[in-house]
Amino acid sequence: MTSGFWKARRVFLTGHTGFKGSWLALWLKHAGAQVFGYSLPPPTTPSVFESAGLADVLDGTMVGDIRDLGQLTRAMADVKPDVVVHLAAQAIVFSSFEDPVGTFGSNVMGTVNVLEAARHVDTIRTILIVTSDKCYENSEVGPPRSEGDPMGGDDPYSASKGCAELVTHAYRASFFGAGEQHPATVMSARAGNVIGGGDFARYRLIPDLVRGAREGRPVMIRNPAATRPWQHVLEPLSGYLTLVERAWEHAGEIAEGWNFGPAADDVREVGWVADRFADCWGIARNEAWRKDSRSFPTEKLTLQLDSTKVAARLGWQPRWTIEQTLDRVVDWYKREAAGFNAHNLIIEQIEDYVNSAPRAAADAAQHTSIGPAS
């Protein structure tokens with residue numbers, strides 16, 4: 001991140017009351033930005049938004065539904081932001097089977113409304129639409145998904161995210177950019193399975209494991225053999241911030257979709273992550289989780305992202321291994337339960353992350369320390 005770039009920059013952030021949005025809102029404030037949040041109330045109890053005291057930290061926090069175009073348009077026009085970051089969504093795959101209509105409404109029409117509202121605010125320079133690694137058509141064979149692969153999705157959540165990408169492309173091509181009705185740069189970002197302290201959602205692995213560990217009971221896991229691209233929440237957030245900064249000076253080169261995934265060796269099975277979590281927490285693996293033998297809606301077993309484009313063109317690299325990530329996640333939850341302030345814990349991990357070397361540099365340094373160069 002460029003020193004000083006975010007100072008006094010006005011940011012309109014949707015989904016700021018969620019897990020990922022709360023971390024991003026606090027990082028933006030820490031970097032000096034003026035942050036105005038627009039979202040439904042916190043989706044969980046407890047919530048990191050409340051425990052970190054974000055309502056008292058942000059420059060504005062508005063309770064609103066992205067499916068309400070009129071309310072959203074008025075809120076964005078009042079803020080007159082420089083940057084729009086769209087995170088608000090129905091973000092749980094399993095929940096999309098329970099409420100497919102609500103999932104499509106939030107994830108597809110919500111994205112339409114954000115872009116429609118933004119094209120009527122002339123102060124906006126950059127717009128970042130955050131979707132998901134699950135936006136791609138996934139046959140579970142072949143190489144990791146790269147930005148040029150087709151959109152798709154066999155479940156409502158994945159399909160809704162593929163649709164959000166198509167919406168973003170259509171609005172960018174029709175209404176935004178050089179020579180169009182609005183000069184703003186419109187980008188989309190796709191991240192992996194994000195984990196970190198303060199996530200208390202249902203149907204997510206780490207929050208479920210935390211609840212089980214605190215209550216002294218094993219968690220039932222649907223698909224322990226499924227592989228996912230795990231990464232700490234700060235990894236994609238750093239990518240989003242980098243993307244916005246770069247777009248400010250190089251708009252025409254950045255108005256695309258971008259993958260921010262972990263290193264290939266951090267694509268691990270769910271069962272492996274659960275075992276490593278148990279080790280970090282200090283409980284026996286067979287006391288942490290068990291396979292759930294009940295029938296559930298079908299989910300993809302294999303998912304990987306190719307992030308070579310951001311490495312080559314933006315210089316972005318992940319910083320923490322999955323082992324380092326799980327160490328920090330468990331430490332966050334344990335210290336927060338012991339009474340440490342959630343706001344300070346987030347800032348501490350942000351500073352830790354910023355001071356860590358990118359994986360490629362760290363791996364190279366470790367390699368050269370083993371012995372003399374050949």
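# Helices, strands and cores in a predicted model

Biologist: This is a predicted model. Which residue follows α6, with a positive phi?

Modeller: Right after α6 comes a glycine with phi on the positive side. Its phi is near 100 degrees. The residue is G177.

Biologist: How far apart are the end C-alpha atoms of helix α6, and what span should its residues give?

Modeller: Helix α6 covers residues 156-175, which makes 20 residues. The expected span is 1.5 Å times one less than the number of residues. The helix should therefore reach 28 Å, and the model agrees, with its end C-alpha atoms apart by 28 Å.

Biologist: Which residue caps the N-terminal end of α6?

Modeller: The cap is made by a side-chain oxygen. That oxygen sits 3.1 Å from the backbone nitrogen of Y157. The capping residue is D155.

Biologist: Is T103 buried or exposed?

Modeller: T103 belongs to helix α5, residues 100-118. The cut-off for buried is under 20% relative accessible area. T103 has 0%, so it counts as buried.

Biologist: With which residue does T103 share a polar contact between side chains?

Modeller: Beyond four places in sequence, the contacts of T103 include S95, S96, P156, Y157 and S160. Q90 is also in that set. The polar contact has a length of 3.1 Å. The side-chain partner is Q90.

Biologist: What does the side chain of S22 reach at 2.7 Å?

Modeller: S22 sits in helix α1, residues 19-30. Its relative accessibility is 0%, so S22 is buried. Leaving out residues up to four places away, S22 touches H16, T17, V48, F49 and L54. At 2.7 Å, its side chain meets the backbone oxygen of G18.

Biologist: How far apart in space are S22 and A284?

Modeller: In sequence, 262 residues separate S22 and A284. In space, their C-alpha to C-alpha distance is 32 Å.

Biologist: What is the order of strands in the open sheet of three?

Modeller: The pairing in this open sheet is mixed. Its edge strands, each paired on one side only, are β7 (193-195) and β11 (267-269). From one strand to the next, the twist averages 50 degrees. The order is β7-β9-β11.

Biologist: Which residue in β9 stands opposite N193?

Modeller: β7 and β9 run parallel, joined by three bridges. Strand β9 takes in residues 227-232. Opposite N193 stands W230.

Biologist: Which residue in β2 is the bridge partner of V11?

Modeller: β1 (residues 10-14) pairs with β2 over five bridges, in the parallel sense. Strand β2, residues 34-39, is mostly covered, with five of its six residues buried. The partner of V11 is V35.

Biologist: Which residues are joined by a cis peptide bond?

Modeller: The bond has an omega of about 0 degrees. P46, one of the two residues, lies in the loop between β2 and α2 (48-51). The cis bond joins T45 and P46.

Biologist: What is the relative accessibility of A8?

Modeller: A8 is not a glycine, yet its phi is positive, about 65 degrees. It lies in the segment before β1. A8 counts as partly exposed because its relative accessibility is 44%.

Biologist: What is the relative accessible area of Y203?

Modeller: Y203 also has a positive phi of about 65 degrees without being a glycine. It is placed in the loop between β7 and α7 (205-215). Y203 is partly exposed, at 26%.

Biologist: Which helix gives the most residues to the largest nonpolar core?

Modeller: This core has 74 residues. Its members that touch the most others are W6, L128, I206, L234, Y240 and F260. The top contributor spans residues 234-249 and gives eight residues: helix α8.

Biologist: How many residues make up the second, separate core?

Modeller: Among its members are A75, A88, F176 and V186. This core is separate, and its size is 25 residues.

Key
Residues numbered from 1 in each chain as written. Predicted model: local features only at pLDDT ≥ 70, side-chain atom pairs only at ≥ 80, totals over all residues. Heavy atoms only, no water. Pairing = 2+ DSSP bridges. Helix = DSSP H or I, 4+ residues; strand = E, 2+ residues; numbered from the N terminus. Axes fitted to C-alpha atoms, helices over the stretch in contact; angles between N-to-C directions. Core = buried A, V, L, I, M, F, W, Y, C linked by side-chain atoms within 4.5 Å. Buried < 20%, exposed > 50% of the residue type's maximum accessible area, 1.4 Å probe, protein only. Polar contact = N/O pair within 3.5 Å; in protein donor to acceptor, adjacent residues only side chain to side chain. Contact = heavy atoms within 4.5 Å.
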